[in-house]
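Me: Hey, have you got a few minutes to go through a structure with me? I'd like to chat about pockets and side-chain pairs.

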Amino acid sequence: MTTKGIVTLSGEAELVRRAGALFDGVRQEFLCAAGEPSTWSAAAASTRREPVPGLVVRKLYGPGVFRAPGGPELLDRLDEAGAEVRISPAPPAHEAIVVDRRLAVLAAPRSVTGEPRTYSVVQEPDVVAGVRALFETAWETSTDLATYRRRPFPRLGDAERAVLRSLAAGHTDEAASRRLGVSLRTYRRRVAALMAALGARSRFQAGLRAREILGRRSDA
């Protein structure tokens with residue numbers, strides 16, 4: 001389907017066939033936001049391998065990349081290749097690629113019925129600028145890969161681990177306090193202490209951090 005400045009493609013194969021040459025033509029800036037490594041895997045495999053002098057490559061991933069198959073290995077390869085990599089507190093709201101401020105590719109949500117994923121290739125200048133601005137906002141609030149990997153996990157006791165599981169599951173305070181057999185005040189006090197230990201500024205951030213810790217620590 002084609003509208004003014006926008007072409008919608010069905011499936012990664014068509015994306016590579018129709019837009020691969022546009023990716024190969026990158027000269028100045030390649031920005032990529034993905035919730036999981038597989039989103040742009042075919043497109044990445046189809047692009048050139050030779051380095052382009054002065055090219056800025058920025059890759060933004062959600063914390064789930066560490067648990068995804070091949071995710072840690074992908075991060076290592078990107079780091080070794082000199083790409084700038086950051087980890088956002090949550091999966092990027094929009095999975096997108098922006099090339100040289102002239103082209104953007106937006107990935108639609110995955111179909112629950114198994115239909116091929118669609119991708120919108122956009123060359124309308126105002127839309128491309130808007131997508132790039134969204135990327136920059138997410139980039140500025142994210143953590144670079146090296147710092148993220150060095151960030152220590154807090155040492156947790158049984159009570160803290162129980163609160164951690166409740167936050168990760170999204171339980172209300174009332175439900176969580178009943179499940180743990182403590183008063184609402186006690187539960188909220190433990191949540192506040194755990195948020196401080198996690199460096200979380202909100203319950204939402206704490207829940208995301210809790211899921212990350214539970215996914216990366218078998219003793220959590």
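Reply: Sure, here is a short chat about a pocket, some salt bridges, an aromatic pair and a glycine.

Me: Before we dig in, what kind of model is this?

Reply: This is a predicted model.

Me: Good to know. What volume does the second largest pocket have?

Reply: The volume of the second largest pocket is about 330 Å³. Its lining is made up of 18 residues, and those closest to the centre are P92, A93, H94, L134 and A138.

Me: Which element gives the largest share of that pocket's lining?

Reply: That would be helix α4, residues 125–140, which supplies five residues of the lining.

Me: And how do the lining residues divide into nonpolar, polar and charged?

Reply: There are 13 nonpolar residues and five polar ones, with no charged residues in the lining of this second largest pocket.

Me: OK, switching to charges then. How many salt bridges does the count come to?

Reply: The count comes to nine salt bridges. As general background, side chains of opposite charge can pair when their charged atoms come close.

Me: Let's take R101 and E29. How far apart are N and O in that salt bridge?

Reply: The N to O distance between the side chains of R101 and E29 is 3.9 Å. This pair links distant parts of the chain, with the two positions 72 residues apart: R101 sits in the loop between β6 (96–99) and β7 (103–107), while E29 belongs to strand β3, residues 29–34.

Me: Are those two buried or exposed?

Reply: One of each. R101 has a relative accessible area of 55%, so R101 is exposed. E29 has 11% relative accessibility and therefore counts as buried.

Me: Nice. Which residue does R58 form a salt bridge with?

Reply: R58 pairs with E136, and their closest N and O atoms are 3.5 Å apart. Here too the pair links distant parts of the chain, 78 residues apart: R58 is in strand β4 (residues 56–61) and E136 is in helix α4. E136 counts as buried because its relative accessibility is 17%, under the 20% cut-off.

Me: So where is R132 relative to E136 in the helix?

Reply: R132 and E136 are four residues apart in helix α4, which means about one helical turn separates them. Their side chains meet in a salt bridge at 3.7 Å, N to O. R132 is buried as well, with a relative accessible area of 15%.

Me: Which residues do the shared salt-bridge partners join into one network?

Reply: The network joins E29, R58, E84, R101, R132 and E136.

Me: New topic: how many aromatic pairs does the structure hold?

Reply: The structure holds one aromatic pair. The partners are F135 and W139, and they are stacked, with 5.7 Å centre to centre and 20° between the planes.

Me: How are F135 and W139 placed in the helix?

Reply: They are four residues apart in helix α4, so about one helical turn lies between them. Both F135 and W139 are buried.

Me: Last one, G11. Where does G11 lie, and is it buried or exposed?

Reply: G11 lies in helix α1, residues 11–24. At a relative accessible area of 11%, G11 is buried.

Me: And which residues does G11 touch, not counting those up to four places away in sequence?

Reply: G11 touches P116, R117 and Y119. Along the chain, G11 and Y119 are 108 residues apart, while their C-alpha atoms are separated by 7.3 Å.

Me: Great, thanks!

Note on methods. Residues are numbered from 1 along each chain as its sequence is written. This is a predicted model: local features need pLDDT of at least 70, side-chain atom pairs count only at pLDDT 80 or more; totals for chains, interfaces and linings use all residues. Side-chain values use heavy atoms; hydrogens and water are left out. On a 1 Å grid over the protein atoms alone, a cavity is a set of points where a 1.4 Å probe fits but cannot get out, and a pocket is an open set with protein on both sides within 12 Å along at least five of seven lines; lining residues have an atom within 4 Å of a point. Grid points are joined across faces, edges and corners, and a volume is the space filled by probe spheres set on the points. Ala, Val, Leu, Ile, Met, Phe, Trp, Tyr, Cys and Pro count as nonpolar, Asp, Glu, Lys and Arg as charged, and the others, Gly among them, as polar. A salt bridge is a side-chain nitrogen of Lys or Arg within 4 Å of a carboxyl oxygen of Asp or Glu. Buried means under 20% relative accessible area, exposed over 50%, partly exposed in between (1.4 Å probe, protein chains only). Rings of Phe, Tyr and Trp (its six-membered ring) pair if their centres lie within 6.5 Å; planes under 30 degrees apart count as stacked, over 60 as edge-to-face and the rest as tilted. Contact means heavy atoms within 4.5 Å.
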